[in-house]
Amino acid sequence: MSYKIALNFEDGVTRFISCDEGELVADAAYRQRVNIPLDCRDGACGTCMCHAESGQYSMEDYIEDALTPEEAEAGQVLTCRMVPTSDCVVSVPVSSKVCKTATEKFAVELSAIKRYSETAIGFTVKGDSLANLHFLPGQYVNIKVPGSDEMRAYSFSSLVTETNEVSFLIRVIPDGKMSSYMRDTAQIGEQFEMTGPQGSFYLRDMQRPALFLAGGTGLAPFTAMLEKLQQEGSDYPVQLIYGVTNDIDLVEVDRLEQLKQALPQFTYTTCVASEESDYPTKGYVTNYIEAGHVNDGDVDIYLCGPPPMVEAVNSFMAEKNIKPASFHYEKFS
């Protein structure tokens, strides 16, 4: 048996390694040429201290000078003494460059494209290389714009399927190189290059209710997260509030309805901000945050949207004195 370990570096790069049963994380990393910080290898110096964000593991034969009981209780680990007993997510407090590890590249081809509206496009890529793609739902990859050396960052909007496909939902930007290309030029079968995964915005282990707040194509990471919850199940309620500016921006509602049918604990609300809209629920996402959604602060809040939305939600929480157990956000422009 082996376990999947996500190593999250402080510059946003994530590398996945496999750790055999009974194997130390540090040994597994070096075996796979990921040079996480290490010195004594005996649990004595603390050089390899990282933070275990999720997962089960054991640690033995280290001294308190390297890791105090308080640090261990807070989830700090010595990777030279850490033996996983499940899949784990480990934060490494240095950059990937220091560890001489790079993001991975994946050659893919466009297998489907859906031009929802003037403002949103969904597309799917496939490739044998995706059999080796692992990411935490909510993370993103960089995709090279055809005919240039420029890259664009897009969050995964799905998990990788059994047929080695993965999807994205992107906003059409006026004169945007990639979104204009996808809107006007892209053809099925065309080749693309992806690099990643990256990002510190991802779904943590469910330990309490969660509130998802999505603005526009900021919906993308949440559909990937919901697919993960559908796959693994959840004992905690998840509420999504999905807001857009205009009616044409509201996409993939049918997919949310399918996820709702598959996830009994999942509910969602959609809203349109434009005063000219005839949509039945109008206004901003903050208009639809209810007291039950924040559960007296015992809630994990995830937010993805444009900067004004992130600022508005921050102001709303400060005004209402909402102090969630955790607050994770990603803003895009």
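Me: Which residues touch the most other members of the largest nonpolar core?
Reply: The model is predicted: local features need pLDDT of at least 70, side-chain atom pairs count only at pLDDT 80 or more, and totals for chains, interfaces and linings use all residues. Residues are numbered from 1 along each chain as its sequence is written, and side-chain values use heavy atoms, leaving out hydrogens and water. A nonpolar core is a set of buried Ala, Val, Leu, Ile, Met, Phe, Trp, Tyr and Cys residues joined through side-chain atoms within 4.5 Å; buried means under 20% relative accessible area, exposed over 50%, partly exposed in between, with a 1.4 Å probe and protein chains only. Among the 30 residues of this core, the answer is Ile 5, Leu 7, Phe 9, Ile 36 and Met 82.

Me: Which elements give two or more residues to this core?
Reply: Elements are DSSP runs numbered from the N terminus: helices are H or I of at least four residues, strands E of at least two. In soluble globular proteins, nonpolar side chains tend to be buried together. Here the contributors are E1, E2, helix H1 (25-31), strand E3 (49-54), E5 and E7.

Me: How many residues make up the other core?
Reply: This core lies apart from the largest one. Among its members are Leu 203, Leu 219, Met 225 and Tyr 302. Its count is 28 residues.

Me: In what order do the strands of the mixed sheet stand?
Reply: Two strands pair if DSSP finds at least two bridges between them. Five strands form this open sheet, and the order is E2-E1-E7-E3-E5.

Me: Which are the edge strands of this sheet?
Reply: An edge strand pairs on one side only. That description fits strand E2 (14-20) and strand E5 (76-78).

Me: What is the bridge partner of Leu 7 in E7?
Reply: Strand E1 (residues 2-9) and strand E7 (residues 88-92) run parallel, joined by five bridges. Leu 7 is also one of the core residues that touch the most other members. Its bridge partner in E7 is Val 90.

Me: Why is the pair of Phe 201 and Phe 222 edge-to-face?
Reply: Rings of Phe, Tyr and Trp (its six-membered ring) pair if their centres lie within 6.5 Å; planes under 30 degrees apart count as stacked, over 60 as edge-to-face and the rest as tilted. The structure holds 10 aromatic pairs. In this one the centres are 6.0 Å apart, and the pair is edge-to-face because the planes stand at 85°.

Me: Where are Phe 201 and Phe 222?
Reply: They lie 21 residues apart, in distant parts of the chain. Both are buried, Phe 201 at 2% relative accessibility and Phe 222 at 0%. Phe 201 is in the loop between strand E13 (191-198) and strand E14 (210-215), and Phe 222 is in helix H4 (residues 220-232).

Me: How many residues apart in sequence are Phe 201 and Tyr 302?
Reply: Their ring centres are 6.2 Å apart with planes at 75°, so this pair is edge-to-face. Tyr 302 is buried, at 1% relative accessibility. It lies in strand E17 (residues 300-305), while Phe 201 sits in the loop between E13 and E14, so the pair ties together parts whose separation in sequence is 101 residues.

Me: Which residue stands opposite Tyr 302 in E18?
Reply: E17 and E18 run parallel, joined by six bridges. They belong to an open sheet of five strands in the order E16-E15-E14-E17-E18, with parallel pairing. Opposite Tyr 302 stands His 328.

Me: Why is one side of strand E16 (266-272) and of strand E18 (326-331) left without a neighbour in the sheet?
Reply: Both strands stand at the edges. One side of each stays free because each has a single partner strand.

Me: Asp 175: buried or exposed?
Reply: Asp 175 is in the loop between E12 and H3. Its phi is near 65°, positive although the residue is not glycine. Its relative accessible area is 77%, so Asp 175 is exposed.

Me: Which residues does a cis peptide bond join?
Reply: Omega of this bond is about 0°. The proline of the pair, Pro 197, is in strand E13. The two residues are Gly 196 and Pro 197.
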